Amino acid sequence: MPDALELLKIRRSVKPREMSGPGPSAAELETILTIGARVPDHGKLTPWRFIVFEGDGRARAGEVISQVFARKNPQAPAAEIEIEKRRLMDAPLVIAVVSFTKPHPKVPAWEQELSAGASAMNIVTAATALGYGANWLTGWFAFDRDVLDGFGLKPDERLAGFIHIGTPMRPSEDRPRPALADIVTRF
């Protein structure tokens, strides 16, 4: 396992189409989810939860996505509907981070939403530390209420994103990163 700081310096997103199996074992998935739940959470509100899509669950999710797409795009060719059906099929594991807020006099909704984002990033980092490729994505279906209902989200829940996890098929290339001089000021 790489040193924690080195890991954070070299972490890269891996495109789901550049992933294959195997995915994390049951024990590794438990580790990933445990680390995903170990984030700043003012008020101990736990304003997030996870949905695990693996095996046939990915295909069932694709059916939900493609049916909503077809209903809302009746002129869509079959090839486009098939693309929607395969949205969660590239990586062997996809974890959805569900975000919701709870009324609290000292913890604003924004802070709770940031906690869900921290959870998603911890999942990405944990998967990377275990040697897997990971990518945090959304897409139209992450914001479509009919899809969210099909995934069992409650009316007050939203998706922070889908974390795709699998074995990278090749080393991922880095992308340009911002120069600190361009993004850091001192007060």
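In the predicted model, Trp 140 is partly exposed, with a relative accessibility of 30%. Its sequence neighbour in the aromatic pair, Phe 141, is buried, at a relative accessible area of 4%. The ring centres of Trp 140 and Phe 141 lie 5.8 Å apart and the ring planes stand at 85°, so the arrangement is edge-to-face. This pair is one of seven aromatic pairs in the structure.

Another of these pairs is formed by Phe 151 and Phe 162, whose ring centres are separated by 6.3 Å and whose planes stand at 85°; the pair is therefore edge-to-face. Phe 151 is located in the loop between α6 and β5, whereas Phe 162 belongs to strand β5, and 11 residues separate the two in the chain. Phe 151 counts as buried because its relative accessibility is 14%, below the 20% limit for that class. Phe 162 is likewise classed as buried, with a relative accessibility of 0%. Both pairs contribute to one aromatic cluster, which is made up of Phe 53, Phe 69, Trp 140, Phe 141, Phe 151 and Phe 162.

Phe 53, Phe 151 and Phe 162 also appear in the largest nonpolar core, which comprises 19 residues. Together with Leu 88, Val 147, Leu 153 and Leu 159, these three phenylalanines touch the most other members of the core. At least two core residues are supplied by each of β2 (48-54), α3 (56-72), β3 (93-99), α6 (145-150) and β5 (158-168). The greatest contribution comes from α3, with four residues. The surroundings of Leu 159 illustrate the packing: with residues up to four places away in sequence set aside, Leu 159 touches Ala 96, Val 97, Val 98, Ala 142, Leu 148 and Leu 153. A second core, separate from the one just described, has 18 residues, including Ala 116, Ile 123, Ala 126 and Tyr 132.

Helix α5 was examined through Ser 119, which lies within it. Ser 119 is buried, with a relative accessible area of 0%. Leaving out residues up to four places away in sequence, the contacts of Ser 119 are Gly 36, Ala 37, Val 39, Trp 48 and Phe 50.

Helix α3 also packs against helix α4 (residues 78-85), the two axes coming within 7 Å and crossing at roughly 145°. The crossing of these two helices is right-handed. On the α3 side, the contact is made by Gly 62, Glu 63, Ile 65, Ser 66, Phe 69 and Ala 70, which meet Glu 80, Ile 81, Glu 84 and Lys 85 of α4. Phe 69, listed in this contact, is also a member of the aromatic cluster.

Side chains of opposite charge can pair when their charged atoms come close. The structure holds 13 salt bridges. One of them joins Glu 18 to Arg 170, with 2.5 Å between the closest N and O atoms. Glu 18 is placed in the loop between α1 (4-10) and β1 (19-20), and Arg 170 in the loop between β5 and α7 (180-183); the pair thus links distant parts of the chain, 152 residues apart. The two partners differ in accessibility class, since Glu 18 is buried, with a relative accessible area of 15%, while Arg 170 is partly exposed at 44%.

A further salt bridge connects the side chains of Asp 146 and Arg 71, with an N to O distance of 3.1 Å. This pair links helix α6, which holds Asp 146, to helix α3, which holds Arg 71, across 75 residues. Asp 146 is partly exposed, with 31% relative accessibility, and Arg 71 is exposed, with a relative accessible area of 52%. Both residues take part in a network of salt bridges that also includes Lys 72 and Asp 144.

Glu 113 and Arg 158 form another salt bridge, in which the closest N and O atoms are 2.8 Å apart. Because Glu 113 lies in helix α5 (residues 109-129) and Arg 158 in strand β5, the pair ties together parts that are 45 residues apart in sequence. Glu 113 is partly exposed, at 26% relative accessibility, and Arg 158 is also partly exposed, at 47%.

Definitions and conventions. Residues numbered from 1 in each chain as written. Predicted model: local features only at pLDDT ≥ 70, side-chain atom pairs only at ≥ 80, totals over all residues. Heavy atoms only, no water. Core = buried A, V, L, I, M, F, W, Y, C linked by side-chain atoms within 4.5 Å. Buried < 20%, exposed > 50% of the residue type's maximum accessible area, 1.4 Å probe, protein only. Contact = heavy atoms within 4.5 Å. Salt bridge = Lys/Arg side-chain N within 4 Å of Asp/Glu carboxyl O. Phe/Tyr/Trp six-rings, centres within 6.5 Å; stacked < 30°, edge-to-face > 60°. Axes fitted to C-alpha atoms, helices over the stretch in contact; angles between N-to-C directions. Left-handed = near helix turned anticlockwise from the far one by under 90°.
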